[in-house]
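Me: Please take me slowly through one chain of this model, and through the way its domains meet. I am in my first year, so explain each term as you use it.

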Amino acid sequence: MSEKEIILEVRNLKTHFFTNMGLIKAVDGSSFSLRKGQTLGIVGESGSGKSITSLSILGLVPKPAGKIVEGEILYCGEDLVKKSQQEMREFRGKKIFMISQDPMTSLNPVFNIGNQLGEAVRRRQNLNGRNLKEKCIEILKQVQIRSAETRINAFPHELSGGMKQRLMISMALACRPEILIADEPTTALDVTIQAQILQLMMEIREKYKTSIILITHDLGVIARFCDYVLVMYAGKIVEKADIKTLFKRNRHPYTKGLLNSLPHLGEKQHRLMSIKGQPPDLLNLPAGCPFEPRCDYAVEKCSFEYPSDESVGKGHQVSCWRWREI
Amino acid sequence: MKEESILTVKNLKKHFNIGKAGFFSGKAKTLKAVNDVSFSLIRGQTFGLVGESGCGKSTIGRTILKLHKPTNGEILYQGKNIENFESKETMSYRRNVQAVFQDPYGSLNPRMRIGEFIEEPMLVHGFLNSRGRKERVNELLDIVGLSTDHARRFPHEFSGGQRQRICIARALSLNPKLVILDEPVSALDVSIRAQILNLLMDLQEEFDLTYLFISHDLSVVEHISDYVAVMYLSKIVEMAPCDMIFNNPLHPYTRALLSAILVPDPELSQQAIILEGDISDPLNLEQGCSFQNRCFDVCDECLGKEPQLLEVEPNHLVACLKITGN
Amino acid sequence: MPKSNKIWVHLRNAPLGGLAIFFLFLIAAFFAEYLAPHSPTDQNITNALRAPCFFEGGTFEHLLGTDELGRDILSRMIFGARISLLVGFVAVVLSGFIGTCLGLVSGYFGGRIDSIIMRFVDIQLSMPYILIALALIGALGPSLRNIIIVIGITSWVDYSRVVRGEVLSIKNKEFVDLARIAGCSTFRIILKHILPGVANSLIVLGTLMLGRIIIFEAALSFLGLGVQPPTPSWGIMLADGRQYLTFAWWLATFPGIAIMMVVLGTNLVGDWLRDTLDPKQRAAVRGKR
């Protein structure tokens, strides 16, 4: 398989929040790249910085508290951090699209879905009136919304959770972006609906070869859907690897702990292995590695010096002083 | 070994009136949240109640806790119907039946110190004297893995996992026999879930507790339950000991549900049975089996006749005409 | 996160101006006897209508001038502060108590009792409050005590609505269910679990209502329905000074400015309290996934 070109490259991204309570380093020095047609997974828990990473790429970091203080986000050579609001608006919706966890926040409750989808279509194609309506119906059918001809007049609150996500996917289809960011797209959905939505996303990925960044805390979804994974903890990327390596030959205590603490279907254990301690308090991070208080492998060095990024193998990097012993 | 039944639910029905028949609102609608559900809770065991959103599992829990009045059917505690209790018997019931809910942020009164919060059930029941209660609070904090000087703090100083521990401490304060756990770990970070599940299992062993574990997360349910009931749209569709359900699921819904679970293992090829369509509108249930519009194994009889929950092998009950015959 | 940290942060944003004005008038009201240069009721016709000190004809004896009966404006204003703030605080407490009780009952029990109480609210709101006040004062007779009662009775409505709204959002929280499951009596649930949650909104509302009530009292006194002369009230001073506005403007202007300043002060403080108390509550209660 040939090396696919890199379409998005993030270099040493630092997004900080200046709040009344203190400085929060939501993303603290992330570097990764996304290749054409690749599905990149970002996995982490609350406070890991995964959502802020996607907001930084989109130029939607909440102001005035949040700010990208350092780093570059290169899309085909252009640095997105340096672009103006106007330029970013052009960029969003054409080249890059986001689906979030709660579609209700992305949909306008006052307009029917035909209207909203039509708006997305018009960004790409100059269609009007009946042609526009037909195009919308066609797209709705592609995402398997039944009775699209009548549904097109429905309002968002009349749709179920699964339907709303399909609608969001249909808007993504209309925009035909190069990069699709999906932030916890199925977390709020029932398991059987989640299966439907993921299936749909996979079909679309097959057909249009979109590059996808999938953000989630669910390792099952990652295993099924992604090619390459970044594991984030307290604003830092602690391990990155392709999917098989991450699940079978991981080298970071957090990754290991996370995988071990999941109950595996079909294997009833008496006791789950858990990661001790509490999630990190971003206002009071320790000096060295943020995972140190909870780490079974921690040594003295971990408490005052943050481990540098080291290469374990091809495409596999980890930030841990003791990765060789894990 | 004789199995003692702590609580028995018999033909429980809970209907809610949505809207009123009136000048502008048309006919009154009834939401049949729970429709003819029966099961028993065996002492010292965990009964897992599984289903997706809207299936009625939480309503069952809340009705057992006397937060709702049953529309029909009985809930028998020590042989007596809980609806017929006098106030003294209700107080005794409350001493023995406690709960832990899903949202660790909504479960604690933000203005109450957690020591007071844990003490409250004891105070209300006149348990011990003031000093005795304070000592018991310290004992409980220790049991759930928190430090005794946490008693003076307020909820906002604690993380999600710690708050659930506080809720568990409160639930245990009166030495209950039965604890209703309604999605106790669903709102927690993945790495914390294992801690709390381990704690719950340890406590069950130490204090001979009986659990009703309500959840939509099948892998967690498999891990902790002895006996499982699967619910769909207000009815139990399958009920069996834990390993039977997971190794030999019979009802089409159970099979679809299990196949939709994503195991965090990229090498496992998983073929999910994708259910078409959405869950039927619970306000407008059709004749016959409520699963008919999504079932991959549906036949003509399913449309007319409602399946009964019948035993197909020892201890394994299924409600499906195809499986149980007519 | 230590609690003290948060309090300091919020105190930093306190509206110093508003608080200063507020405390200034509070001190004036408390220590009127010591601060006022003259008695507010001493008449001296020969000294009538003297201009304030920096104007033609003014003296330092009467810094803000005198009224048509020769009474010192400044002293009357200081004593007037006492009336305004007294009426203000007592009426706020009275109406707050009535409104909160009704709001709690209405919100917690819902159903019929909620409908009945809310209909009362609607009915009272549909009638101009001046009319209600007129009718009640007409029946009871104008006096300081009666004006407090009348204002108290007509102002409860805002509280009950706000409290009812808060109760509705609190009563569905899990900790209220847990209180029921623990066997708590309804009374205990309302007192220990619901009321504290409502307290923040009450404090903010009370502060903002203070300004409204002070204006209400001034209006009633202006109409002659409140405190009776010779007791100095800013409202009465306004009424008396109205006819002299063109050539002895100081009679009405200073009380007018006083009313404006007190209300401004309470509004600033109320706004700041609302901002401090709410987001802290929200930040403390809501976590992020």
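Reply: What follows is a close look at chain A, from confidence to domains to one residue.

This is a predicted model, in which local features need pLDDT of at least 70 and side-chain atom pairs count only at pLDDT 80 or more, while totals for chains, interfaces and linings use all residues. Residues are numbered from 1 along each chain as its sequence is written, and chains are lettered from A and ligands numbered from 1 in the order in which they are written.

Let us begin with pLDDT, the predictor's confidence in each residue on a scale from 0 to 100. Chain A has a mean pLDDT of 87, and 98% of its residues reach 70 or more. Helices (DSSP runs of H or I, at least four residues) and strands (runs of E, at least two) are numbered from the N terminus. Among these elements of chain A, the highest mean pLDDT, 95, belongs to strand β9 of chain A, residues 228–233, whereas the lowest, 84, is found in helix α5 of chain A, residues 148–151.

Next come the domains, whose bounds are taken from an automatic or database domain assignment. In chain A, domain 1 is made of two stretches, 6–95 and 177–325, and domain 2 covers 103–176. A distance of 30 Å separates the C-alpha centres of domain 1 and domain 2 of chain A.

The two domains also touch, where a contact means that the C-beta atoms of two residues, placed from the backbone, lie within 7 Å. On this basis, domain 1 of chain A brings 14 residues to the contact and domain 2 of chain A brings 12. On the side of domain 1 of chain A that touches domain 2 of chain A, helix α7 of chain A (residues 191–208) gives the most, with seven residues. That side of domain 1 of chain A holds 11 nonpolar residues, two polar and one charged, if Ala, Val, Leu, Ile, Met, Phe, Trp, Tyr, Cys and Pro count as nonpolar, Asp, Glu, Lys and Arg as charged, and the others, Gly among them, as polar.

Finally, consider Phe111(A), which sits in the loop that lies between β6 (96–99) and α3 (113–124) of chain A. Phe111(A) counts as partly exposed because 14 other C-beta atoms lie within 10 Å; 20 or more would make a residue buried and 12 or fewer exposed, with C-beta atoms placed from the backbone. From Phe111(A) to Asn250(A) there are 139 residues in sequence and 47 Å in space, taken C-alpha to C-alpha.
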